[in-house]
Amino acid sequence: MSVADLQTKVPRFIVPTIASLLIVSLLYSILVTQNVVLWLAAWGGVLSVGLTLFVVYLFYRLVLAVERIADRQ
């Protein structure tokens, strides 16, 4: 497997989009609902789901690697 196969390219608009979503949702949480805990709970839930999916993806990659090693022997 070459290094080029392992590289993933993230589009440039992703980082400003996520930053603007965080800022807009924080402003909404402060100005409209006047409850910062709502903002923390919402983004904490999103982060939790994302982290869970990432860990499942890593386990999937581990299983594929173990199967590839087992097929070579």
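# A guided tour of helices H2 and H3

Begin by selecting helix H2, which has 20 residues and reaches 27 Å from its first C-alpha to its last, close to the 28 Å expected at 1.5 Å a residue. The helix covers residues 14-33. Please bear in mind throughout that the model is predicted.

Next, select helix H3, residues 36-72. Its 37 residues should span 54 Å at 1.5 Å a residue, and the end C-alpha atoms of H3 are indeed 54 Å apart, so expectation and model agree.

**The crossing of the two helices**

Display H2 and H3 together. Their axes come within 8 Å and cross at roughly 145°, and the crossing is right-handed. To see the contact itself, show the side chains of Leu 21, Leu 22, Ser 25, Leu 26, Ser 29, Ile 30 and Thr 33 on H2. On H3, add Val 36, Leu 38, Trp 39 and Trp 43, which complete the contact. Colouring these residues by class will show eight nonpolar and three polar residues, with no charged residue.

**Ser 25**

Now centre the view on Ser 25, a residue of H2. Leaving aside neighbours within four places in sequence, Ser 25 is in contact with Trp 39 and Trp 43, both of which belong to the H3 side of the helix contact. Draw the distances from the serine side chain. A polar contact joins the side chain of Ser 25 to the side chain of Trp 39 at 2.9 Å. A further polar contact, at 2.7 Å, links the side chain of Ser 25 with that of Trp 43. The side chain of Ser 25 also reaches the backbone oxygen of Leu 22, at 3.0 Å. For a wider view, add Gly 45: the C-alpha atoms of Ser 25 and Gly 45 are 14 Å apart in space, while the two residues are 20 apart in sequence.

**Ser 29**

Move along H2 to Ser 29. Ser 29 counts as buried because its relative accessibility is 2%, below the 20% cut-off for that class. Select its surroundings: not counting residues up to four places away in sequence, Ser 29 touches Gln 34, Asn 35, Val 36, Leu 38 and Trp 39. Of these, Gln 34 and Asn 35 lie in the loop between H2 and H3, the next stop.

**The loop between H2 and H3**

Select Gln 34, just after H2. Its phi is near 55°, a positive value in a residue other than glycine. Gln 34 is exposed, because its relative accessible area is 66% and exposed means over 50%.

Then select Asn 35, which also lies in this loop. With a relative accessible area of 36%, Asn 35 is partly exposed. Measure from its side chain towards the start of H3: a side-chain oxygen of Asn 35 reaches to within 3.2 Å of the backbone nitrogen of Val 37. For a longer distance, select Val 10 as well; the C-alpha atoms of Asn 35 and Val 10 are separated by 33 Å, and the residues are 25 apart along the chain.

**Leu 64**

Finish on H3 by selecting Leu 64. Is Leu 64 buried, exposed or partly exposed? At 31% relative accessibility, Leu 64 counts as partly exposed. To place the residue along the helix, add Ser 48: Leu 64 and Ser 48 are 16 residues apart in sequence, and their C-alpha atoms are 25 Å apart in space.

Methods. Residues numbered from 1 in each chain as written. Predicted model: local features only at pLDDT ≥ 70, side-chain atom pairs only at ≥ 80, totals over all residues. Heavy atoms only, no water. Helix = DSSP H or I, 4+ residues; strand = E, 2+ residues; numbered from the N terminus. Buried < 20%, exposed > 50% of the residue type's maximum accessible area, 1.4 Å probe, protein only. Contact = heavy atoms within 4.5 Å. Axes fitted to C-alpha atoms, helices over the stretch in contact; angles between N-to-C directions. Left-handed = near helix turned anticlockwise from the far one by under 90°. Nonpolar A, V, L, I, M, F, W, Y, C, P; charged D, E, K, R; others polar. Expected span 1.5 Å × (residues − 1). Polar contact = N/O pair within 3.5 Å; in protein donor to acceptor, adjacent residues only side chain to side chain.
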